[in-house]
Amino acid sequence: MNQDVKEFVGSHMIYTYENGWEYEIYIKNDHTIDYRIHSGMVGGRWVRDQKADIVKLTEGVYKVSWTEPTGTDVSLNFMPNEKRMHGIIFFPKWVHERPDITVCYQNDHIDLMEESREKYETYPKYVVPEFADITFIENAGIDNEDLISKAPYPGMTDDIRAGKRV
C-alpha cells in the first residue's frame with residue numbers, strides 16, 4: 001500500500017456540496033473507490049470498484065481523481081480534519097443533457113455508458129467546481145465489500161449518520 005495514503009484509506013464519508021448535492025464515498029483501498037450519489041443531477045447513481053488515483057497532497061489533504069466510463073472526469077480534494085472538501089466534476093455534454101441514462105448501478109451497465117459516450121456529444125463539458133461540507137466520516141477498514149452494496153434510497157444518508165447499517 002502507498003504509505004502516504006495509509007491513514008486516509010478506509011475513509012467512508014458523506015458530503016454535501018454548497019449547491020445542495022449530497023454524495024457518499026468510500027476509499028476502498030489505495031487505488032479504488034465505491035460511491036453513491038444521493039441527490040443532484042445524477043442522484044440515484046452508484047458505483048463500485050472505480051479505479052482512482054489517490055494521493056496525499058500535504059498533511060491531512062488528499063486528492064482522489066478518476067475518469068468514469070461515461071467520460072465524466074472527477075477530482076476531489078479532501079480535508080477530513082477540517083470536514084471540508086473541494087471537488088470539480090467535468091460532465092460531458094451528453095451526461096448534462098441526459099443524466100437519466102447514468103442513474104443506475106453503473107457496474108451492471110458499463111456497455112451502455114461506453115455506448116452513450118460514443119453516441120452523444122461530449123463537448124462542451126459542464127463543469128461543476130464546488131466546496132462541500134463533510135457531514136459524516138468514519139474508518140470502515142480496507143476492502144469492505146458490504147459498505148456500499150445497495151442502491152441509494154431517500155433518507156439513507158440520515159440512516160448512516162444515525163448509525164444504522166444499511
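Where is the place of K83 in the fold? In this predicted model, K83 sits in the loop between strand 7 and strand 8. Its phi is near 55 degrees, a positive value in a residue other than glycine. With a relative accessible area of 46%, K83 is partly exposed. This report takes up the nonpolar cores, the annotated residues and the cavity, and then returns to backbone geometry.

## Nonpolar cores

The largest nonpolar core comprises 35 residues, and Y15, I25 and F78 have the most contacts inside it. At least two residues of this core come from each of strand 1 (11–17), strand 2 (22–29), strand 3 (32–37), strand 6 (61–67), strand 7 (73–79), strand 8 (84–91), helix 1 (93–97) and strand 9 (126–139). Another core, of five residues, lies apart from it and includes Y26, A140, L147 and I148. In soluble globular proteins, nonpolar side chains tend to be buried together.

The surroundings of F78 can be listed in detail. Residues up to four places away in sequence being set aside, F78 touches F8, M13, Y15, I25, G60, V61, Y62, V64, R84, M85 and I134. Y15 and I25 are thus among the contacts of F78, and both are also named with F78 as having the most contacts inside the core.

## Annotated residues

An unreviewed UniProt entry places the feature "active site" at Y23 and E68. Both Y23 and E68 belong to the lining of the largest cavity.

Y23 is located in strand 2. Its relative accessibility is 6%, below the 20% limit, so Y23 counts as buried. Neighbours within four places in sequence aside, Y23 is in contact with M13, I14, Y15, Y17, R36, I37, H38, S39, V42, I89 and F91.

E68, by comparison, is found in the loop between strand 6 and strand 7. E68 is buried because its relative accessible area is 7%, where buried means under 20%. Beyond residues up to four places away in sequence, E68 touches Y35, R45, Q50, V74 and Q106. The side chains of E68 and Y35 are joined by a polar contact of 2.6 Å.

Q106, one of the residues that E68 touches, is in the loop between helix 1 and helix 2 (110–119). Q106 counts as buried, at 2% relative accessibility. Its contacts, apart from neighbours within four places in sequence, are R45, W46, V47, Q50, E68, P69, T70 and M113. R45 and Q50 appear in this list and also among the residues touched by E68.

## The cavity

How many cavities of 30 Å³ or more does the model contain? The count comes to one. The largest cavity has a volume of about 140 Å³. Its lining is made up of 19 residues, of which Y23, Y35, I37, E68 and V74 lie nearest its centre. Strand 1, strand 2, strand 3, strand 7 and strand 8 are the elements that give two or more residues to this lining. Strand 2 gives the most, with three residues.

The annotation and the cavity therefore involve shared residues: Y23 and E68 carry the UniProt feature, both are buried, and both lie among the lining residues nearest the cavity centre. Y35, which makes the polar contact with E68, is also one of the residues nearest that centre.

## Backbone geometry and accessibility

A positive phi is also found at D49, where the angle is near 60 degrees in a residue other than glycine. D49 is placed in strand 4 (residues 46–51). Elsewhere, the peptide bond from Y123 to P124 is cis, with omega near 0 degrees. P124 lies in the loop between helix 2 and strand 9.

D146 is in the loop between strand 9 and helix 3 (156–161). The C-alpha atoms of D146 and R165 are separated by 9.7 Å, although these residues are 19 residues apart along the chain.

The table gathers the accessibility of residues discussed here.

| Residue | Relative accessibility | Class |
|---|---|---|
| Q106 | 2% | buried |
| Y23 | 6% | buried |
| E68 | 7% | buried |
| D49 | 40% | partly exposed |
| K83 | 46% | partly exposed |
| D146 | 60% | exposed |

Technical notes:
Residues numbered from 1 in each chain as written. Predicted model: local features only at pLDDT ≥ 70, side-chain atom pairs only at ≥ 80, totals over all residues. Heavy atoms only, no water. Core = buried A, V, L, I, M, F, W, Y, C linked by side-chain atoms within 4.5 Å. Buried < 20%, exposed > 50% of the residue type's maximum accessible area, 1.4 Å probe, protein only. Helix = DSSP H or I, 4+ residues; strand = E, 2+ residues; numbered from the N terminus. Contact = heavy atoms within 4.5 Å. UniProt positions renumbered as here; feature names shortened; annotations may be inferred. 1 Å grid on protein atoms, 1.4 Å probe; cavity = no way out; pocket = protein on both sides within 12 Å on 5 of 7 lines; lining within 4 Å. Polar contact = N/O pair within 3.5 Å; in protein donor to acceptor, adjacent residues only side chain to side chain. Points joined across faces, edges and corners; volume = space filled by probe spheres on them.
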